[in-house]
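Here's a quick tour of how the parts of a protein model meet each other. Have a look at the picture first, then read on.

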Number of protein chains: 2
Amino acid sequence: MRLSRYFLPTLREDPKEAEIVSHRLMLRAGLIRQQSAGIYSWLPIGLKVLNKISAIVREEQNRSGAVELLMPTIQSADLWRESSRYDAYGKEMLRITDRHEREMLYGPTNEEMITDIFRSYVRSYKDLPLNLYHIQWKFRDEIRPRFGTMRSREFLMKDAYSFDIDQAGARHSYNRMFVAYLRTFARLGLKAIPMQADTGPIGGDLSHEFIILASTGESEVFCHRDFLDFPIPTADTDFDDIAGLQTIVDKWTSLYAATSEKHDEAAFAAIPNDRKVSARGIEVGHIFYFGTKYSLPMKATVTGPDGQEHPVHMGSYGIGPSRLVAAIIEASHDEAGIVWPDPIAPFDVSLINIKVGDTATDEACAHLYRALALRGLDVLYDDRDERPGAKFATADLVGMPWQILVGPKGLADGKVEVKRRATGERELLSIEDAVTRIAG
Amino acid sequence: MRLSRYFLPTLREDPKEAEIVSHRLMLRAGLIRQQSAGIYSWLPIGLKVLNKISAIVREEQNRSGAVELLMPTIQSADLWRESSRYDAYGKEMLRITDRHEREMLYGPTNEEMITDIFRSYVRSYKDLPLNLYHIQWKFRDEIRPRFGTMRSREFLMKDAYSFDIDQAGARHSYNRMFVAYLRTFARLGLKAIPMQADTGPIGGDLSHEFIILASTGESEVFCHRDFLDFPIPTADTDFDDIAGLQTIVDKWTSLYAATSEKHDEAAFAAIPNDRKVSARGIEVGHIFYFGTKYSLPMKATVTGPDGQEHPVHMGSYGIGPSRLVAAIIEASHDEAGIVWPDPIAPFDVSLINIKVGDTATDEACAHLYRALALRGLDVLYDDRDERPGAKFATADLVGMPWQILVGPKGLADGKVEVKRRATGERELLSIEDAVTRIAG
């Protein structure tokens, strides 16, 4: 993409309203724009990151056996009355009256609707297990939205819902998601630690939050340092292997890890001092088993092998891609700007033309642009008529993993400069070597 | 995907509420489920089609030079007061009051918000032309939602917005979209004819609707038959070629074509009788040029080459992917069910195991499933323990382009049956020939 034909509105000044670094950088690097309190537009490079995160989430959900569908944003209040949550949910629910005076709401979560879909179609235990998920915009009318997309009112969430004939089946479904989440966060370049968690308004008695450590995190967390080196389950993990998945989950829950709400001083004290981690964390995922909390009142039952009707055992499993964009930046930035992990960078390469209008420079850039595209790389080509210093600053700010600096001086020696954003490491290479260095 | 692990809830009976064939088939084939009046969940195969349509729309938008971003669904009423549309829009706008008593709304369209984004960042004519689009859920509180996703309340729309320094530039931007739309509909397997149209509440004085002919269409249309054979602009069309694009648009507007609102009996009478088409049509796209209608009141100006401030000339360009799913089914079905055009079919192949549990049949199916996947094909494998008749009916109903029927009788001769859904044509082929026949 040529920057002159793109829409990448960066800001020179730090926006006053931004209290944390990810919010500041997302505004400055042109990822988002606030439209109302807690409501954002995703500008082109922000949307690209959001889509890349969602794609990784989707791949790992599918790998674990979950099936994607898409529920609408607007729901009927009557559905929420069936679970008694319509009155219970409070002011965070955005309540709406339509032109026919029907009470509607903007979905903050989808337990009721998915249970309604399930009971409409599924009759027999033979159709279980089933895990249905969607990636859809949600709305929670936070009293004080803040921290940009970390705690916004309109936000993107992947929410999955599992249905099983009994608790043992539900446990396996829970473990599938547990392992899928470990893989998802690792692929996003994050070290996420599963911690015992409160279940809050979702309900239920088994729950883990997945937390990444970041100095700006909103919660205090405590855990054993060994978690940071635990191996991530591989792509060929057999999600049908009940015992195998349980072994993985047992290992990942064998050491102490808890948020402050669940913190146990005595258990933490028992960890050797050099293995203690007491830090701040950001919740990036939350999984729940809540049994028949929704299936009983909403009459979501199936016929079991015994010929009897059984309410299904359910769990729900959430990841917020829009929150993850901010969390990843909290975990990966420096003074100059964002440092994108390779798998979710909006572009792979910033190609910087230091002297637009110089024939040799323009030609070298055009050649690099084509050569990198042919190798499957997505290149943002800064072809603007701007000072080199401004271009370098923009490239550091927006944080693509690689930069190529092309100017008459280097080209006189047949060289361009390749810079790795994360390390700052620079190499002078021939054009062909630069392509090989980046495309591998 | 193994059907036993998928979620494809088909219905045996015709749903009573469905008045038109696409609505009936979308419910019966398990594409959608109504959650409230005019509000639908997209079940797995419905979502796959919706995503494939959106992907084609996106590719053609990008090819034409438009840049994707994503605006939120919830907007502030104040923004709409700036254009005076807040009061003017009427009851179709879903109005919302948040917990702080602020007036909000669920966006029915985005002219105001995109103009606000534009004016926040763009200062100079040097940054033009610019065309920004998004693919986002919209809500219009129709008094009588009907025809399924053809006229629903919550619906998916691609809306693009162009910004130019003057009318000549805006005309070229309009032509870019005109040509992108011709390509988009052709790739979706549709013959869409651009027709002069009313501009309605969007405003402006240049507008075309893209209409496909279908006996169940909601509007009456009149056009010259030659449109049906006009060549579609190729993928290598140069969208920067002002004269070249104008030539294409001139050709596509050279013959008579109009909806009933714009119908001119005299002009239609002048067409030779054997070239007259008077039919029903479905609107699948609508493009508008409206000049400074929004930029003037909202003060979206740029500095021109003359150093003066100029309000930008704008256009907007809509395609509804959720409506297109229904429109494509209206145009492509038979008595037995849906007949998906290849590019948007949810799966490429229905693989039907006629005798589950028969070792040779199971092995042949497993082999075909792997071999087709290796060739890049997406296969829905009916591995359920069901009567063959029910499996054949399901396969016809859900309408994948190819079916492979595998049973002990054919396998005894080393053959499987390959059926092309659109023509009903059947061939007995060896397993390897079947793969080659389908994968090409």
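What follows is a short briefing on two meeting places, one between chains and one inside a chain.

Keep in mind that this is a predicted model. Chain A and chain B touch each other, with 55 residues of chain A in contact with 55 residues of chain B. Chain A is also split into domain 1 (3-338) and domain 2 (347-439) by the domain assignment, and these two domains meet as well, burying about 1,300 Å² between them.

**Where chain A meets chain B**

- Putting the two chains together buries about 4,800 Å², and 59% of that is on carbon and sulfur atoms.
- On the chain A side, the residues that lose the most area to chain B are Phe7(A), Arg99(A) and Tyr121(A), which together make up 16% of what that side buries.
- Charged partners show up here too: six salt bridges are found across the interface of chain A and chain B.
- Take Arg5(A), for example: its side chain meets that of Asp240(B) in a salt bridge, with 2.8 Å from N to O.
- Counting polar contacts between the two chains gives 22 residue pairs, with both residues at pLDDT 80 or more.
- What kinds of residues does chain A bring to chain B? The side that touches chain B has 31 nonpolar, nine polar and 15 charged residues.

**Where the two domains of chain A meet**

- The centres of domain 1 and domain 2 of chain A, taken over C-alpha atoms, sit 38 Å apart.
- Domain 1 of chain A puts 15 residues into the contact, and domain 2 of chain A puts in 13.
- Of the area buried between these domains, 59% comes from carbon and sulfur atoms.
- Leu3(A), Lys48(A) and Ile338(A) supply 39% of the area that domain 1 buries against domain 2, more than any other three residues.

**Polar links between the domains**

- Two salt bridges are found across the interface of domain 1 and domain 2 of chain A.
- Lys48(A) turns up again in a salt bridge with Asp378(A), where the closest N and O atoms are 2.5 Å apart.
- Eight residue pairs, both at pLDDT 80 or more, are in polar contact between the two domains of chain A.
- On the domain 1 side, α1 (21-28), α2 (44-63) and β18 (337-338) of chain A each give at least two residues to the surface touching domain 2.
- That side of domain 1 of chain A is made up of nine nonpolar, three polar and three charged residues.

Methods:
Residues numbered from 1 in each chain as written. Chains lettered and ligands numbered in written order. Predicted model: local features only at pLDDT ≥ 70, side-chain atom pairs only at ≥ 80, totals over all residues. Heavy atoms only, no water. Contact = heavy atoms within 4.5 Å. Buried area = accessible area lost by both parts, 1.4 Å probe. Salt bridge = Lys/Arg side-chain N within 4 Å of Asp/Glu carboxyl O. Polar contact = N/O pair within 3.5 Å; in protein donor to acceptor, adjacent residues only side chain to side chain. Nonpolar A, V, L, I, M, F, W, Y, C, P; charged D, E, K, R; others polar. Domains from an automatic or database assignment. Helix = DSSP H or I, 4+ residues; strand = E, 2+ residues; numbered from the N terminus.
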